[in-house]
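Visitor: I am new to this structure and would love a slow, close look at a single part of it. Please start there and then show me what else is worth seeing.

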Amino acid sequence: MADSLLLLKRVPSRHTWLRARKARPQLILSRRPRRRLRNLRWRSRRRLRRRLLQAQAAGADWLQGGCLVSGDAALQRLKTSARRRASSPEPAEDPVPSGPAILPIPPVRPAGSGRAVLLLPLGQGFTFSGICRVTCLYGQVQVFGFTISQGQPAQNVFSTYTHSRLTINAVHYSVHEKSKKEMKREARVLLRPYLNQDDRYCLMSSFSPLCSIVLLERLKTSTVNFIISHPGLSYIFVQEVRTFQINSEYFALRSVGIRREKKKTGLRLTESAFAVMEELVSISSEEADSCPVILVCGCQDIGKSTFNRYLINQLLNSVSCVDYLECDLGQTEFTPPGCISLLNITEPVLGPPFTHQRTPQKMVYYGKTSCKNNFENYIEVIKYVFSSYKRESPLIINTMGWVADQGLLLLIDLIRLLSPSHVVQFSSDRSKYMPDLTPDFVDDMDGLYTRRRSRVRNRGFHLPEFAESLEFADEEKEGPVMSTGYKLMFVKSEFVTGKTSRNRESHNRILRELAVLGYLSQLQPPVPKPLRALHGLTPYQVPFNAVALRIIHADVAPTHILYAVNASWVGLCKILDDVRGYASGPILLAQSPICDCVGFGICRGIDMEKKLYHILTPVPPEELRHVNCLLVGAVNIPQCVLKSQGGLEGTIPYVTTDYNFKLPGASEKIGARESGATYKEKGHPKPKFYRKTY
């Protein structure tokens, strides 16, 4: 690079561009790269040359950066630069730093069709977008907080554009007194089934102690294929590259189905978040008798869900399973929206919610994405679901982002009701003010349905009528739910989101629709079988007198119930009462039940002659035998499912452009139920059934 610092004398007979070309640093290229450069346009050639010069200035081997320079030329280049450094006198001290050190790019080598091998030195990461299967061939890596060691099963990783990009980081691992030569020999043997001799030599030339080698494989799942089959959703996993890149790494990653992203687009957590997670993992690993109950709270779009996923993966590194209580109706993690559920997580969470829809241990379909105007039912449902927690593993409780006014009072009620051992409170400079939820603050603050400690000690204190109807445990029947004391932990969030007050609702709606699509993808056959259209699948036939109906979110006249159920998203539930034996007409519930929900489906049609519901659902038949109730809520089928029905000619069923919003019941706001009446499965009278024959 010393030649680039020499300034040529001005020669009047030469053109300016010719002098500048001679003054440029010289690249040592082999014959094949020179042929490639001649085929490029001048702009692409200039961009590629600039990138190669930057890597050359950093001292990187051309074989690592993309095989654009021959090995002999690169070796000769390094020897020449070494002689120059030896002959030039070294300065005693450099008072002004020359800039941050540029880390070499982790080498990527193609390993056949749809596979690539990545070598990561200790402390380096590989940020990418797309989906792939990750296998650790040598060493140990960490993805989204979950550690993948050598010999462990491969993991499916989903780095989508709807969330922060994921990074594969090389982490420290123990080595049993092996020399570098022995480690290189062991790694070379492990690479033999995947790389040829030349690629193994190129990759092992960058080998260093405590580095890790990862195999990236192309991943195809029915969930991804089903989502991208709808128009406008293919950008979620893969986006076209705008800049022209021509190197072996680009083509190797392209065959896998991923692309390298800038580090700043990856997931970034603050030091306070890592400190809190480290303490929680330590407590969960050491305490054998009692398991911690962790409640995570904070305003919306501050990073609670990302923190929960990372914490679950960190806990799974040391414990076998983690329980998860979902209390956020709008942005659920493992189920379609509008549910309160309890799950037992045994596998890592390496993607957004729509990529890991799972069957809960206990679930109730609330039917709405917000609990406003019906807090009592919300509290009752959470208490019903929380009663199934057996305290055999750590529990993470996800709460809503509504922490202002009544939302804060409702959060205080949840803290008293669930009695967590640790409360993780998120705060941010750009978020609204939220008081510190210390135990003293909660004890001295009235909730929506509970009272502070000072009022409990007052002899003249009486509970409201509705609070007396709450079924507390035996040790709680003497008074309202009380907080038992917990440790408050703060997380200073620097989470960056693209949501604003204008696009927040539309962005959340897209995520909810993706969760529904992820659930419906369970209807598709496993790969490599082709996808099947939803209208081409065989639905279940359910007689009218076998199930009861209830519209949760609105008051609908009995004569219009079947119109509301048809082509709707329905919850498949089971109540304790036997609904059989009634007339052949639809059986309508007078109250919204709090009952177990085994899954969801689409009522794709109603046969009025045979009095049958046609239900399309991925729930297995052994579970459907116990279903005797259909609940319809405010969660709708995504529009893309109805609009993109392939193989249809003419008018698409259930899709119209002639719609009058002024008709009664045509709008969501008209006919909405202000306060829903509920009944519990235990301790409440049986529901009333209506009989209607069409």
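Visitor: In strand 8, which residue is the bridge partner of C136?

Guide: The partner of C136 in strand 8 is V214. Before we follow that pair, a word on what you are looking at. This is a predicted model, in which local features need pLDDT of at least 70 and side-chain atom pairs count only at pLDDT 80 or more, while totals for chains, interfaces and linings use all residues. Residues are numbered from 1 along each chain as its sequence is written, and side-chain values use heavy atoms, with hydrogens and water left out.

The bridge between C136 and V214 belongs to the pairing of strand 3 with strand 8 (residues 212-218), which is antiparallel and has 6 bridges. Strands here are DSSP runs of E with at least two residues, helices are runs of H or I with at least four, and both are numbered from the N terminus. Two strands pair if DSSP finds at least two bridges between them.

Strand 3 has further partners. With strand 6 (residues 155-159) the pairing is antiparallel over 5 bridges, and there G130 faces S159. G130 also stands opposite I258, a residue of strand 9 (residues 258-260), which pairs with strand 3 in the antiparallel sense over 3 bridges. Strand 7 (residues 166-170) adds another antiparallel pairing, with 4 bridges, and in that strand T167 is the bridge partner of T127. What does this leave of strand 3 at the surface? Because 12 of the 14 residues of strand 3 (residues 125-138) are buried, the rest of the structure largely encloses this strand. Buried means under 20% relative accessible area, exposed means over 50%, and partly exposed lies in between, using a 1.4 Å probe and protein chains only.

Now let us move on along the chain to another sheet. This one is open, has 7 strands in the order 13-12-11-14-10-15-16, and its pairing is mixed. Strand 13 (362-365) and strand 16 (487-492) stand at its edges with a single partner strand each, so one side of each has no neighbour in the sheet. Neighbouring strands in this sheet are turned by 20° against each other on average, direction ignored. The partner of strand 16 to look for is strand 15 (residues 422-427), which runs parallel to strand 16 over 6 bridges; one of these links S427 with K492.

Helices lie across this sheet as well. Helix 10 (residues 271-286) lies across strand 10 (293-297), strand 15 and strand 16, running at about 145° to strand 16. Helix 12 lies across strand 11 (322-326), strand 12 (339-345), strand 13 and strand 14 (395-398), and runs at about 20° to strand 12. The angles run from 0 to 180 degrees between N-to-C directions, and the axes are lines fitted to C-alpha atoms, for helices over the stretch in contact. Contact means heavy atoms within 4.5 Å.

Helix 12 (residues 375-386) also packs against helix 13 (residues 406-418), with an angle of about 25° and axes 11 Å apart. That makes helix 12 roughly parallel to helix 13. Angles under 35 degrees count as roughly parallel, over 145 as roughly antiparallel, 65 to 115 as roughly perpendicular, and the rest as oblique. On one side of the contact are F375, Y378, I379, I382, K383 and F386 of helix 12, and on the other are Q406, L410, D413, L414, L417 and L418 of helix 13.

The loops around strand 14 hold two residues to pause at. R391 sits in the loop between helix 12 and strand 14, and D405 in the loop between strand 14 and helix 13. R391 has a positive phi of about 55° although it is not a glycine, and D405, not a glycine either, has a positive phi of about 55°. R391 is partly exposed at 47% relative accessible area, whereas D405 is exposed at 68%.

One last stop is S592, which is found in strand 21 (residues 592-594). With 6% relative accessibility, S592 counts as buried. Its side chain makes a polar contact of 3.1 Å with the side chain of R550. A polar contact is a pair of N or O atoms within 3.5 Å; within protein, one must be able to donate a hydrogen and the other to accept it, and residues adjacent in sequence count only if both atoms are side-chain atoms.
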